[in-house]
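Biologist: I'd like a close look at one part of this model, chain B. Could you walk me through how that chain is put together, and then how it meets its partner?

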Amino acid sequence: MNKLLIAFVLSLFALAFGESAFAQAASDAASAAAPAAPMAAASGASAAEAASAAASTPVANKGDVAWMIVATALVIMMSVPALALFYGGLVRSKNMLSVLMQVFVTFSMIVVLWCIYGYSLAFSEGNAFFGGFDRLFMKDMFNPKDGTFAMAATFSKGVYIPELLFLAFQATFAAITCCLIVGAFAERMKFSAVLAFMVLWFTFSYAPIAHMVWFWMGPDAYSAKEVVDATNAKAGFIWQMGALDFAGGTVVHINAAVAGLVGAFMIGKRIGYGRESFTPHSLTLTMVGAALLWVGWFGFNAGSALEAGNTAVLAFINTFSATSAAVLAWCIGEAVFKGKASMLGAASGAVAGLVAITPACGNVGLMGAIVIGFIAGFACLWGVTGLKRMLGADDSLDVFGVHGVGGIVGALLTGVFNNQALGGPGLVGDWVTATVSSVPIMDQLWIQFKGVVITIVWSGVVSLIAYKIVDMTIGLRVSEEDEREGLDITAHGETAYHN
Amino acid sequence: MKMVTAIVKPFKLDEVREALSAIGVQGVTVTEVKGFGRQKGHTELYRGAEYVVDFLPKVKIEAAVDDAIVDRVIEAIEAAARTGKIGDGKIFVSTLEQVVRIRTGETGKDAL
């Protein structure tokens, strides 16, 4: 019932505010006739600069647009069906549909929230921690009067993509990040509580972390030496520190993993944990899910270049090789320490490698990627065995063991293998001239470490409060009777399999 | 009349069926079952979690046969289902009081 109310209120808000924003956009269409890239246009450059930017309205390259549409669709496939199947196969058959539903509906809900306010909170100009409200209800992104679209900056000077496309691409990131958390409290959380928690966590953890790590004014904003400091100051807090996170090691994986771990602690263990058999009901579906994740991840990682260019190619091959290395590492680890290499191990290794290469893919060199994948395979195997026993939480599907450990390994090693001395591409040290340079390894590692710690603490605190609020209002957990019966029947009134 | 109940390894089902047909057994009933004997179970490992599987899958074959061929039936099943390794299964023989063919109403040996 609660979830229905939430949904109704949200849709009412959407309608009311959407209408007014629409009307407003139409009324001052004249003034917004040349919607240049918000990040670039609002650069604080001189009036002459702004005028010249307006005069040469940026035009998106069709190749970039085509690639980013494909990449966005690939990331949608990563959540529904890939992640849903990967997780679904790992639970008992009586909870299969509940996992599929939690992923499916969380994904859809976050996309709607992203369009309404999430994008604005994350990717419009605000302070170092939160964005502003300039893009509430996707305001000014499409001008129906003259059919023009606002443009968003990429990582190359003078290269733009339609901002709506950037919004859509980033929507899939926000949504899959929330879906990742589902694995930690699978098989025992109320459906309504899942959705309520997601709204809170998305608003107060995902959006600000995305803003802190990824928001900046774009390369064209750095028009002259004099504006560098002012332009830097408008970027997100972690971005200003110089932390590298190509496709979301901190924003997506560490962020979600910490929320999952806190949830596993707060909700408690599943009934029968450690005594009854919790064997995965279909490793076949888990393998299908993991394989689809791998394919989709090329959109996630290579798409994060925002252009169909060389950086996308670097991210693509690194995503390919690191993942393969991690599969091998996990299987070798299992064969040596447990005696047998397993299908679940291979699938888990693939995800571990994909997670670890996510922050690194466009930021490290070719052999660096393989090393990162290899280390991640072993590290995450430890994450789901040794570390899991140490933590003592019932993280049902090892969200922390894989995404947390893999994310941290990847985020830190990005700082190592970014260096040109180790074959990495280096980073743009001066955006005015777009000059590439390398930061000393220990310095960059320290910056990466700070980014990781901030993310862990921020997500941990927000999660704790969000779970507490949901627990006090809706209640986190289903009844013992319902848990034994299975959430498919008790929460959704249907059964996955009929034999 | 005897009821011969054999518990065998699942992959031996086809061989047993062929051996029984060869000696003139007209029909059998097959059920997928689980159980344990001296073979015991095995352990399965999913990420860190280890589970002991106590009950192993077997196939139960039931055949109602005439007293005259019961020894040959037993021999046939034994020969077809044997691998020589632990877990080959067992054969139980019990006396059958009555048999009725539902379609015709025949009883006893005629209904076999």
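Modeller: Let's start with overall dimensions. Chain B has a radius of gyration of 17 Å, whereas a compact globule of 112 residues would come out near 13 Å. The C-alpha trace tells you how that is spread out: along its principal axes it spans about 60 × 30 × 20 Å. Keep in mind throughout that this is a predicted model.

Now the parts list. Chain B has two helices and six strands. Read from the N terminus, the elements go β-α-β-β-β-β-α-β.

Four of those strands build an open sheet, in the order β2-β5-β1-β6, and the pairing is antiparallel. At the edges sit β2 and β6 (89-95), each of which pairs on one side only. From one strand to the next, the twist averages 20°.

It helps to go across the sheet pair by pair. Begin at the β2 edge: β2 (residues 29-35) and β5(B) run antiparallel and are held in register by seven bridges. If you want a marker there, find B:T31, whose bridge partner in β5(B) is B:K60.

Next comes the pairing of β1 (residues 2-8) with β5 (residues 56-65), again antiparallel and over seven bridges. Here B:A6 stands opposite B:I61 of β5(B). B:I7 has B:K60 as its bridge partner in β5(B). So which residue does B:K60 link up with on the β2 side? That is B:T31, so you can trace a row from B:T31 to B:K60 and on from B:K60 to B:I7. The row carries on to the far side of the sheet, where B:I7 has B:K90 as its bridge partner in β6(B).

That brings us to the β6 edge. β1(B) and β6(B) are joined by seven bridges and run antiparallel. Besides the B:I7 and B:K90 pair, you can look for B:V4, whose bridge partner in β6(B) is B:V93.

With the sheet in view, turn to the helices. α2(B) lies across β1, β5 and β6 of chain B, and it runs at about 5° to β1(B). The other helix, α1 (residues 13-22), packs against α2 (residues 70-81) at an angle of about 150°, and the two axes are 8 Å apart. Those two values are worth having because packed helices are described by the angle between their axes and the distance between the axes. Since angles over 145 degrees count as roughly antiparallel, α1(B) is roughly antiparallel to α2(B). As for handedness, the crossing of α1(B) and α2(B) is right-handed.

Which residues make that helix-to-helix contact? From α1(B) you have B:E15, B:V16, B:A19 and B:L20, and from α2(B) there are B:V73, B:A76, B:I77, B:A79, B:A80 and B:A81. Sorted by class, the contact of α1(B) with α2(B) has nine nonpolar residues, no polar ones and one charged. If you're colouring the model on screen, those side chains from B:E15 to B:L20 in α1(B) and from B:V73 to B:A81 in α2(B) are the ones to pick out.

Last, the place where chain B meets its partner. Seven residues of chain B are in contact with 13 residues of chain A. Two strands each supply at least two residues of the side of chain B that touches chain A, namely β3 (42-46) and β4 (49-53). Which of the elements gives the most to that side? It is β3(B), with three residues. By class, the side of chain B that touches chain A has four nonpolar residues, one polar residue and two charged residues.

To put the pieces together, picture the open sheet in the order β2-β5-β1-β6, with α2(B) lying across β1, β5 and β6 and α1(B) packed against α2(B). Then add β3 and β4 of chain B, which each supply residues to the side that touches chain A.

Technical notes:
Residues are numbered from 1 along each chain as its sequence is written. Chains are lettered from A and ligands numbered from 1 in the order in which they are written. This is a predicted model: local features need pLDDT of at least 70, side-chain atom pairs count only at pLDDT 80 or more; totals for chains, interfaces and linings use all residues. Two residues are in contact if their C-beta atoms, placed from the backbone, lie within 7 Å. Helices (H or I, at least four residues) and strands (E, at least two) are DSSP runs, numbered from the N terminus. Ala, Val, Leu, Ile, Met, Phe, Trp, Tyr, Cys and Pro count as nonpolar, Asp, Glu, Lys and Arg as charged, and the others, Gly among them, as polar. Axes are lines fitted to C-alpha atoms, for helices over the stretch in contact, and angles run from 0 to 180 degrees between N-to-C directions. Angles under 35 degrees count as roughly parallel, over 145 as roughly antiparallel, 65 to 115 as roughly perpendicular and the rest as oblique. A crossing is left-handed if the near helix is turned anticlockwise from the far one by less than a right angle, and right-handed if clockwise. Two strands pair if DSSP finds at least two bridges between them. The radius of gyration is taken over C-alpha atoms; the globule rule is 2.2 Å times the number of residues to the power 0.38.
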